[in-house]
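Me: I have a structure open in front of me and would like to know what stands behind the terms people use for it. Could you take me through them?

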Amino acid sequence: MNPKRFMDLFRDITSAVLIEAALVVLVAILLVWLSQKTLPWLANRLHSKRRLWVLALVPTIRIIVIAVAILWLVPMFIELTVKNTIAILSVTGLAIGFALKDYVSSIIAGIVAAYEMPYRPGDWIEVEGQYGEVKRIGMRVVEIVTPNDTVIFVPHLKLWDGLIHNANNGGASLMCVVNFYLAPDHNASEVCRVLEDVALSSPYLKLTKPVLVLAAEQPWGTHYRIKAYPMDPRQQFNFMSDLTVRGKDSLRQLPVSFARIPPEHAMDLSQAD
């Protein structure tokens, strides 16, 4: 582009314009900062779906604030005629294509994620073997915290070419599965009844959701699974630990013995779960 034509794109910049632009940027930064601080604070004082709805507002408000700020700032500096707009888009697209392809792809994926919502703040997701709660959705990355309190930053670019496992998908219900392995010689109906009672008596149980006890016969014995829901997804590990401890204690009071799984079957069993 001819330098003179390039300079013709811009308006005359005065001190008043610069002051107004600085104020717009500061207000946008302040609004984004406030939304990232106050909304999670408010969400942590709510429960069930209301908590997730409030958390989901954080990335949406950030995108709206940034978009409004850009729409406000651009006409202050650039004469937006049709010719100028085409020229700006051409130069910007060329620069992005060569210099910031991956970065911009992640940003675009983040914008898509804000509307398609494959994950939201408060969701429990697994991406490439990493499982945790979505704490923050940025413009380029999603921040998840694992059960071991490790913070992992996943680029939104994974949205394009990877599988995302969402355990609660924006809802307040998250299924937990607890496994028990018994030797085959026992009363299966009695075991199912005992394990169901264990689940129903848990202080973490969400009573509005079903409790299932499933049994599957294996060459080495019988595989039992309790499928139930905690009151809050954040309680899933306490819930599973409670079912495991009390389930094991209850089974020890029955005439049953725990199975020893041969190594050749252990891998198949983990993949089935």
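Reply: Gladly, and let us start with the surface. The accessible surface of the protein comes to about 16500 Å², and carbon and sulfur atoms hold 62% of that area. Such areas come from the Shrake-Rupley method with a 1.4 Å probe, and for residues only the protein chains shown count as cover. Bear in mind that this is a predicted model, where local features need pLDDT of at least 70, side-chain atom pairs count only at pLDDT 80 or more, and totals for chains, interfaces and linings use all residues. Residues are numbered from 1 along each chain as its sequence is written, and side-chain values use heavy atoms, with hydrogens and water left out.

Me: What makes a stretch count as a helix or a strand here, and how many of each are there?

Reply: Both are DSSP runs, numbered from the N terminus: a helix is H or I over at least four residues, and a strand is E over at least two. By that rule the protein has nine helices and eight strands.

Me: How do you know that strand 1 and strand 2 pair?

Reply: Two strands pair if DSSP finds at least two bridges between them. Strand 1 (residues 124-127) and strand 2 (residues 130-137) run antiparallel and are joined by four bridges, so the requirement is met. One of the partnerships is E126 with Y131 in strand 2. The hairpin of these strands has two residues between them, and E128 takes a positive phi near 50 degrees there.

Me: What joins strand 2 to strand 3?

Reply: Again four bridges, with the strands antiparallel and strand 3 covering residues 141-145. R136 has E143 in strand 3 as its bridge partner. This hairpin has three residues between strand 2 and strand 3.

Me: Why is T222 called buried?

Reply: Buried means under 20% relative accessible area, exposed means over 50%, and partly exposed is in between (1.4 Å probe, protein chains only). T222, in strand 8, has a relative accessible area of 4%, so the residue is buried. Across the 273 residues of the protein, 36% count as buried.

Me: What surrounds T222, and what makes its link to E217 a polar contact?

Reply: Contact means heavy atoms within 4.5 Å. Beyond neighbours within four places in sequence, T222 has contacts including F180, Y181, L182 and A215. A polar contact needs a pair of N or O atoms within 3.5 Å; within protein, one must be able to donate a hydrogen and the other to accept it, and residues adjacent in sequence count only if both atoms are side-chain atoms. The side chains of T222 and E217 are joined at 2.8 Å, which is within that limit.

Me: Why is L207 called exposed?

Reply: Its relative accessibility is 69%, so L207 falls on the exposed side of the cut-off. L207 lies in the loop between helix 7 (188-200) and strand 7 (212-218). From C-alpha to C-alpha, L207 is 9.3 Å from A228, with their positions 21 residues apart in sequence.

Me: What makes a group of residues a nonpolar core, and which residues have the most contacts inside the largest one?

Reply: A nonpolar core is a set of buried Ala, Val, Leu, Ile, Met, Phe, Trp, Tyr and Cys residues joined through side-chain atoms within 4.5 Å. The largest one has 22 residues, and F180, V191, L195, Y224, I226, L243 and L251 have the most contacts inside it. Strand 6 (176-182), helix 7, strand 8 (221-228) and helix 8 (236-252) each supply at least two residues of this core. Helix 7 gives the largest share, five residues. Leaving aside neighbours within four places in sequence, V191 is in contact with residues including Y224 and L251.

Me: How do you know that D197 and R193 form a salt bridge?

Reply: The term asks for a side-chain nitrogen of Lys or Arg within 4 Å of a carboxyl oxygen of Asp or Glu. The closest N and O atoms of D197 and R193 are 3.0 Å apart, so the pair qualifies. Because they are four residues apart in helix 7, about one helical turn separates them. E190, R193 and D197 are linked in a network of salt bridges, and the structure holds seven salt bridges.

Me: Is E133, the salt-bridge partner of K135, buried or exposed?

Reply: E133 has 4% relative accessibility, so E133 is buried. K135, at 42%, is partly exposed. Their closest N and O atoms are 3.2 Å apart.
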